[in-house]
Amino acid sequence: MIKTVAIVGRPNVGKSTLFNKLLKKRKAIVEDFPGVTRDRHYAEVTRFLTPFLLIDTGGFEPISEDRLLIQMREQSQLAVEEADIIFHMMDVKDGLTPADIEIAKMLRQINKPVFFLVNKVDGDKQELDTVDFYSLGIDKFYPVSAEHGRGITDLIDDLEKIL
Ligand code: GDP
Ligand code: MG
């Protein structure tokens, strides 16, 4: 059975950018769920050794603080129900935020592999700033640049081991 990978994280960290980067072309869209609360995109990624189904989560518009909390719960629920593997994306430019900590806490209760991604690590300077995230108590992070492709090979190499 093809494995499902869900990208979760608060708005603007770069989830959709990674989704599109991994996809390269958007032709493989399997299904779309329109609407505010269950907005997500599905696509089959076939560029690597083992194909997998990728889910992009989150709204596609700016949202309020209240909506943020609801969206985080929905993403976590989605991760429980539909995903085999979870990418929890954070943003080095913002550093570790309370919402990141909250999401990580929810994901800890799920017995599924979680990859912790620190996005927008476009260069060596940002690489140094990733130390912030170690206070989450996680020993393995993936510094990536969804936009420029940095770190994606390491991420996919490790993902392939469990696909
Ligand atoms: P989402 O809300 O998590 O889906 O985030 P988006 O993918 O829409 O990206 C939010 C913003 O971050 C956009 O302006 C992107 O261009 C920018 N962004 C995404 N990935 C990167 C990255 O690797 N480096 C930098 N510098 N910006 C990025
Ligand atoms: Mg998005």
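Tutor: Welcome! Ala, Val, Leu, Ile, Met, Phe, Trp, Tyr, Cys and Pro count as nonpolar, Asp, Glu, Lys and Arg as charged, and the others, Gly among them, as polar. This is a predicted model, with local features needing pLDDT of at least 70 and side-chain atom pairs 80 or more, while totals for chains, interfaces and linings use all residues. Residues count from 1 along each chain as written, and chains are lettered from A and ligands numbered from 1 in written order.

Student: How many residues of the shell around ligand 1 are polar?

Tutor: The shell has 16 residues (C-beta, placed from the backbone, within 6 Å). Gly14, Lys15, Ser16, Thr17 and Glu147 are the closest. Three of the shell residues are nonpolar and four are charged, and the polar ones number nine.

Student: Which helix gives the most to that shell?

Tutor: The chain has five helices and seven strands (DSSP runs numbered from the N terminus: H or I, at least four residues; E, at least two). Their order begins β-α-β-β-β. With three residues in the shell, the top contributor is the helix at residues 15-23, H1.

Student: What stands opposite Met89 in S6?

Tutor: Strand S5 (residues 85-91) pairs with S6 (residues 114-119), pairing needing at least two DSSP bridges. The two are parallel, over six bridges. Opposite Met89 in S6 is Leu117.

Student: And in S7, which residue is the bridge partner of Phe116?

Tutor: S6 also runs parallel to S7 (residues 141-143). Three bridges join these two strands. In S7, Phe116 is partnered by Phe141.
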